[in-house]
Amino acid sequence: MRETQPFGILLLFTCAVFDVILLLVAESVIFPLLLQGAPYLPKAYAQTYTHLATFKEPANEQRGQVINAIAFSPDGQTLATDIAREVHLWDVDTGKHLSTFKGHTGPVHAVAFSPDGKTLASVSRDRERSGIHPTILWDPSVPIQKIAHYQRAPYTIQLWDIKTATSRLTFTEFISPITALEFSPDSAKLLIASQNGVIDVYDSATGRRELYSFGLFAHDRILNSIGTIAYAAALSDKIITRWIWKVNSFMPRRVPEKEVYRRFSVEQWFTHFRFVGEPAIGLNTGKERSLFFLIPDTYRVSALAFSPDGKILASGGQDREVRLYDVATAKIQLWDTDTGQLFHTFNSPGGWVNLLNFSPDGNTLASVGKRWWNKIFIWDMENYRLLSIITTGNREIKALQFAPDSITLASAHSDGTVHLWDITGRTKE
C-alpha cells in the first residue's frame, strides 16, 4: 500500500489540474455560448448603454399626461412627442424644448415627420366611442380571404409647418383606429394604416384621398371559427400593416384586388361560432396563396412588429405554461414572412411582452415586458442573443422608437417624460 501512495497523490493532483483547466475553458468558451440564449444577462456579458437625456414639458408636471406617440426627424436632431392634445418638439442634442403645436380637440394618437424635414403630421381622435373595433374574418377555402365588419370614428389630421410652428392643412376622415402614420419618400403623400388593415393615402398638399386599399397585414390572434372561416373580435384585437413604397410612383404595394372587404351582419354569424383552442397569428403576405396561420408557443400574442425590410415578423406573448418563478419567462418569436415558418425564439424575462420595435437597420430589436414594465430588453438580430437590459427607473414604458442612426432609442413613459438612450454605451452622459 505504501508503494501506491505516490501514484495516488499524482492522480489526485492530475485530476485537480484537469478540473481547473475545465473550469477555465467553461468560463471562456462554454458559458458565453450558453449566455447567448439565456433569459437573464449577467453584467459581465451585457453590452453597456448610456442615458443621454430626459425630456419633460414643465407644464406637464401638474397634468401628469401619459406620452404615447414619439417620432424622430429624418436627421435625428429633433424629437416630436404628444402630450394630451398637443405636439411638442425637442432638440435631441441639447434637450431644449423647441415649439408646441396646438389645435387638436382630442388626444393625439400618432406623429410623423416628412422625409424632407419640413412638415410634421399628427392625428387625433375627435371623440371617444365605446365598442369601436374591427371584426376580422378569413376563409382560407375560398379566394376571398378577408371580410371586415367594423365601425369608424372621426379623426383629424393636421400637417404642421415645422419652421413656423403653424398648421398649414387640417382635414377630417372617418377611419378605424390608426396603427401607423408615414410620409412617402418624396413627402408628397401621407399614408395612414388603420386597425382593419386598410391603407389610406392622401395628397399632403391638399388632403385629398388618392388611394384606399388593403395592405399586407398580420393579425395578433385568431381565436374562433365558423366552419372554415376563422375570425377574431375583441377590443384588444389589432392588425399591423406593412407596405413598400415604389421608387417611381411612391405607392404602397397592395393586397390583390380579389381580397376585398364587405359589410357583414353580426347577427348572421355571432351565434354560430366555435372556439379554437390554438391561438394563431393571421399573416397575409399579399401573394397569390392562402393566408398563413402561425401558431406561436405562447398563450396569446400581445405584440407584433415587422422588420424594416418586411422579411421578418416578430411576435411577443406569454408562455402558456404556469411557471413558479418570481418573474415569468415570455417568448419573442421570429417568423419568416415568405414561408410562414418560425426560425428563432428569444426567451425573454419580464413576463408578457407588451412592446416590440425594430431599429431602422433591422439589426436590433427592443422589447418591453409587462412584469418588468420599467426595463427595455435589447436583442441582437444578427447573433440572436440578448445584448443588454436598460433600466429606466420607476416609470412605466408606453412606447419605443429608434432614431435613424439605429443607436439612439427613445422611450416614452407614463409620467409624461421621454428618455433617450445610446444602446451601445459609446456616448457618455
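## A walk through the strands

Start by selecting leucine 304: its bridge partner is serine 315, which lies in strand 22. Keep in mind as you go that this is a predicted model.

Now widen the selection to residues 301–306, which make up strand 21. Is this strand enclosed or open? Six of its six residues are buried, so strand 21 is largely enclosed by the rest of the structure. Add residues 312–317 to bring in strand 22, which pairs with strand 21 in the antiparallel sense over five bridges. Between these two strands of the hairpin there are five residues, and glycine 310 takes a positive phi near 75 degrees.

Next, go to the open sheet of four strands, whose order is 6-7-10-11 with antiparallel pairing. Its edges are strand 6 (108–113) and strand 11 (166–175), each of which pairs on one side only. From one strand to the next, the twist averages 20 degrees.

Zoom in on strand 6 and select residues 119–125 as well, which form strand 7. The two strands run antiparallel and are joined by five bridges. Look for alanine 112 here: opposite this residue stands alanine 121 of strand 7.

Finally, colour the chain by pLDDT. The mean is 75, and 65% of the residues reach 70 or more. Which elements mark the two ends of the range? Strand 2 (residues 70–72) has the highest mean pLDDT, 95, and helix 3 (residues 266–269) the lowest, 40. Select residues 260–276, where the pLDDT is below 50; beyond near neighbours in sequence, this stretch has 34 contacts in the model. Your last stop is residues 322–327, also with pLDDT below 50, where the corresponding number of contacts is seven.

Note on methods:
Residues numbered from 1 in each chain as written. Predicted model: local features only at pLDDT ≥ 70, side-chain atom pairs only at ≥ 80, totals over all residues. Heavy atoms only, no water. Buried < 20%, exposed > 50% of the residue type's maximum accessible area, 1.4 Å probe, protein only. Pairing = 2+ DSSP bridges. Axes fitted to C-alpha atoms, helices over the stretch in contact; angles between N-to-C directions. pLDDT = per-residue confidence, 0-100. Contact = heavy atoms within 4.5 Å.
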